[in-house]
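Me: I'm new to this structure and would like a close look at a single part of it. Please pick a spot, stay with it for a while, and then follow the links outward.

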Amino acid sequence: MDVLDLAGRNALVLGVANHRSIAWGIARELSARGARLVLTYQGDRFKGTLEKLTSEAGMKDAVLLPCDVTDDAQMDTCFDAIRQSVGHLDMMAHCVAFANREDLEGNFRDTSREGWRIALEVSAYSLLSLAKRAVPLMEGRAGSMIALSYLAADRAVPNYNVMGSAKAALEQIVRQLALELGPLGIRVNCISAGPIATLSARGIGGFSTILPAAAEKAPLKRNVTLEDIGRSALFLLSEQASGVTGETLYVDCGYNIVGA
């Protein structure tokens with residue numbers, strides 16, 4: 001049996017903003033292997049983007065649903081719609097993160113209470129909220145979930161500030177969920193991706209200098225691509241990684257192993 005044949009499997013992918021999104025790279029890999037996609041958006045602007053992307057990619061059976069991860073009622077409605085449209089979930093990719101722009105530059109010590117709350121709620125707590133709703137649709141199906149992190153969860157990175165705190169919390173949530181959901185046959189893992197020019201990354205102060213620096217220092221002497229991350233997500237979400245849970249997989253061309 002080809003464990004990378006995902007025909008008959010349903011995958012929820014959250015966080016596609018445009019064609020450069022890591023979430024879109026993951027969605028493409030899953031779709032190419034036969035998975036049916038459920039993609040979420042926040043606001044009409046992103047709905048139009050998703051409609052265009054899925055149409056151009058030939059994803060005719062993709063289900064597009066609104067989902068604001070700070071709105072419990074909308075999340076409930078979203079998962080009710082998932083149950084009605086596809087019946088169950090086999091995979092979920094959490095690619096959602098946000099922090100106020102002013103909190104991604106300047107002094108970390110100037111982070112406001114509200115800025116901290118927003119970053120942690122959207123970027124970390126949302127995984128808990130989504131997992132709570134996804135588990136009933138995954139039970140008995142050997143489901144799997146992934147989240148996206150970054151090296152700043154473990155290291156001090158200039159200007160990443162509160163988002164580093166959020167990613168550290170996210171990685172702990174992944175481990176705790178892996179422990180809790182393991183008896184249900186549900187795996188939970190994390191990908192710590194190298195820097196890549198996504199819409200959200202451009203909001204980080206000084207990001208333009210990070211890409212060439214990472215490529216210079218990484219053992220593979222290049223930056224990571226959407227395809228690199230998408231294939232790694234495919235591995236973790238599929239039965240290829242049937243014995244892997246609670247892990248953070250670095251997909252950064254080896255940058256994380258190099259000393260300064």
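Reply: A quick bit of vocabulary before we zoom in: helices here are DSSP runs of H or I with at least four residues, strands are runs of E with at least two, and both are numbered from the N terminus. Keep in mind, too, that this is a predicted model.

Let's start at asparagine 161, which belongs to helix 5, the stretch covering residues 161-181. Its phi is positive, at about 45 degrees, even though this residue is not a glycine. That's worth a second look because most residues other than glycine have a negative phi. Is asparagine 161 buried or exposed? With a relative accessibility of 13%, asparagine 161 counts as buried, since the cut-off for buried is under 20%.

Now to the aromatic rings. The count of aromatic pairs comes to one. Its partners are tyrosine 150 and tyrosine 160, with ring centres 4.8 Å apart and planes at 50 degrees, so the pair is called tilted. Both tyrosines sit in the loop between strand 5 (144-149) and helix 5, so their pairing ties together parts that are ten residues apart in sequence. Tyrosine 150 is buried at 12% relative accessibility, and tyrosine 160 is buried at 10%.

Follow tyrosine 150 a bit further and you get to serine 192, which has Tyr150 among its contacts. Serine 192 is part of strand 6, residues 187-193, and with just 2% relative accessibility it counts as buried. Leaving aside residues up to four places away in sequence, serine 192 also touches Ser149 and Leu151, along with Thr248, Leu249, Tyr250 and Val251.

For a contrast with asparagine 161, look at lysine 221. Lysine 221 isn't a glycine either, yet it has a positive phi of about 55 degrees. You'll find lysine 221 in the loop between helix 6 (207-217) and helix 7. At 55% relative accessible area, lysine 221 is exposed.

That loop brings us to helix 7 (residues 226-237), which packs with helix 1 (residues 22-32) at an angle of about 55 degrees, the axes being 8 Å apart. An angle like that makes helix 1 oblique to helix 7, and the crossing is right-handed. Helix 1 contributes Ile22, Gly25, Ile26, Arg28, Glu29 and Leu30 to the contact, while the helix 7 side includes Leu226, Ile229, Ala233 and Leu237. Sorted by class, the contact has eight nonpolar, two polar and four charged residues.

Key:
Residues numbered from 1 in each chain as written. Predicted model: local features only at pLDDT ≥ 70, side-chain atom pairs only at ≥ 80, totals over all residues. Heavy atoms only, no water. Axes fitted to C-alpha atoms, helices over the stretch in contact; angles between N-to-C directions. Parallel < 35°, antiparallel > 145°, perpendicular 65-115°, else oblique. Left-handed = near helix turned anticlockwise from the far one by under 90°. Contact = heavy atoms within 4.5 Å. Nonpolar A, V, L, I, M, F, W, Y, C, P; charged D, E, K, R; others polar. Buried < 20%, exposed > 50% of the residue type's maximum accessible area, 1.4 Å probe, protein only. Phe/Tyr/Trp six-rings, centres within 6.5 Å; stacked < 30°, edge-to-face > 60°.
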